[in-house]
Amino acid sequence: MIKQIRDNEEKQAMVRGILERLPEWFGISKARENYILRSPLQMVFGAFNKEKNVGILCLEETGRDIVELYVMGVLKDYDRKGIGTELFKEAKAFAIFKGYSFIQVKTVQMGKYEEYDKTNHFYVSLGFKEFEVFPTLWDEWNPCQVYVMALEQ
């Protein structure tokens, strides 16, 4: 089950609970804490297996017409079971309902790390298109790949 989370404390607790269990992607504590601290300002969606939170997706408005898939994570035991896709479908439907025209996501460029190559393939499978690479936005070891998707109104 996917649902939108509106309570700010619950948003932070859920984002923390997922990201801290995914050190391969969120092992840099400063970056992870930034995701957690920003979550009350975002549109947060949670995936649940019965009562257990197994995934999160946060959207952040970056302009009047665009929203960013700011952070997303699904617990390893639930990986590759369609949960990420369902989280995205719910968030995309919400973004369309709110009138956004585009959604973007940033990740590490393909070919740098196996874990992130899987992430890149996932975003492409959802329909995202490569937009631009910023070689030093984060640092030279993690070139930032930006993907975009037009949202149907």
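This report describes a predicted model, beginning with a pair of packed helices and moving on to the nonpolar core and several individual residues.

## Helix 1 and helix 3

Two packed helices are described by the angle between their axes and the distance between the axes. In this model, helix 1, which covers residues 8-19, packs against helix 3, which covers residues 29-38, at an angle of about 155°, and their axes are 8 Å apart. Because angles over 145 degrees count as roughly antiparallel, helix 1 and helix 3 are roughly antiparallel to each other. The crossing in which helix 1 passes helix 3 is right-handed.

On the side of helix 1, the contact is made by Gln12, Val15, Arg16 and Leu19, while helix 3 contributes Arg32, Glu33, Tyr35, Ile36 and Leu37. Sorted by character, the residues of this contact between helix 1 and helix 3 comprise five nonpolar, one polar and three charged.

## Serine 39, after helix 3

Serine 39 belongs to the loop between helix 3 and strand 2. With a relative accessible area of 0%, serine 39 is buried, and, when neighbours within four places in sequence are set aside, serine 39 is in contact with Lys11, Gln12, Val15 and Val44. Of these partners, Gln12 and Val15 also take part in the contact of helix 1 with helix 3.

## The nonpolar core

In soluble globular proteins, nonpolar side chains tend to be buried together. The largest nonpolar core of this model has 41 residues, and those with the most contacts inside it are Leu57, Leu59 and Phe128. At least two residues of this core come from each of helix 1, strand 2 (43-49), strand 3 (52-63), strand 4 (66-74), helix 4 (83-97), strand 5 (102-108), helix 5 (114-126) and strand 7 (142-150).

Leucine 57 gives a view of the surroundings of one such residue: leaving out residues up to four places away in sequence, leucine 57 touches Met43, Val44, Phe45, Leu69, Val71, Met72, Leu87, Phe88 and Ala91. One of these, Val44, is also among the contacts of the buried serine 39.

## Two partly exposed residues

Threonine 85 lies in helix 4 and, at 26% relative accessibility, counts as partly exposed. Apart from its neighbours within four places in sequence, threonine 85 is in contact with Phe122 and Leu126. Threonine 85 and isoleucine 28 are separated by 57 residues in sequence and by 25 Å in space, taken from C-alpha to C-alpha.

Methionine 110 is placed in the loop between strand 5 and helix 5, and its relative accessibility of 34% makes methionine 110 partly exposed. Not counting residues up to four places away in sequence, methionine 110 touches Asp117, Asn120 and His121. Methionine 110 and cysteine 144 are 34 residues apart in sequence, and 9.4 Å apart in space from C-alpha to C-alpha.

## Two loop residues with positive phi

Most residues other than glycine have a negative phi, and most peptide bonds are trans. Lysine 50, however, has a phi near 60°, a positive value in a residue other than glycine. Lysine 50 sits in the loop between strand 2 and strand 3, where lysine 50 is exposed, with a relative accessible area of 73%.

Arginine 80 likewise has a positive phi, near 65°, and is a residue other than glycine. The loop that holds arginine 80 is the one between strand 4 and helix 4, and arginine 80 is exposed there, with a relative accessible area of 80%.

Definitions and conventions. Residues numbered from 1 in each chain as written. Predicted model: local features only at pLDDT ≥ 70, side-chain atom pairs only at ≥ 80, totals over all residues. Heavy atoms only, no water. Axes fitted to C-alpha atoms, helices over the stretch in contact; angles between N-to-C directions. Helix = DSSP H or I, 4+ residues; strand = E, 2+ residues; numbered from the N terminus. Parallel < 35°, antiparallel > 145°, perpendicular 65-115°, else oblique. Left-handed = near helix turned anticlockwise from the far one by under 90°. Contact = heavy atoms within 4.5 Å. Nonpolar A, V, L, I, M, F, W, Y, C, P; charged D, E, K, R; others polar. Core = buried A, V, L, I, M, F, W, Y, C linked by side-chain atoms within 4.5 Å. Buried < 20%, exposed > 50% of the residue type's maximum accessible area, 1.4 Å probe, protein only.
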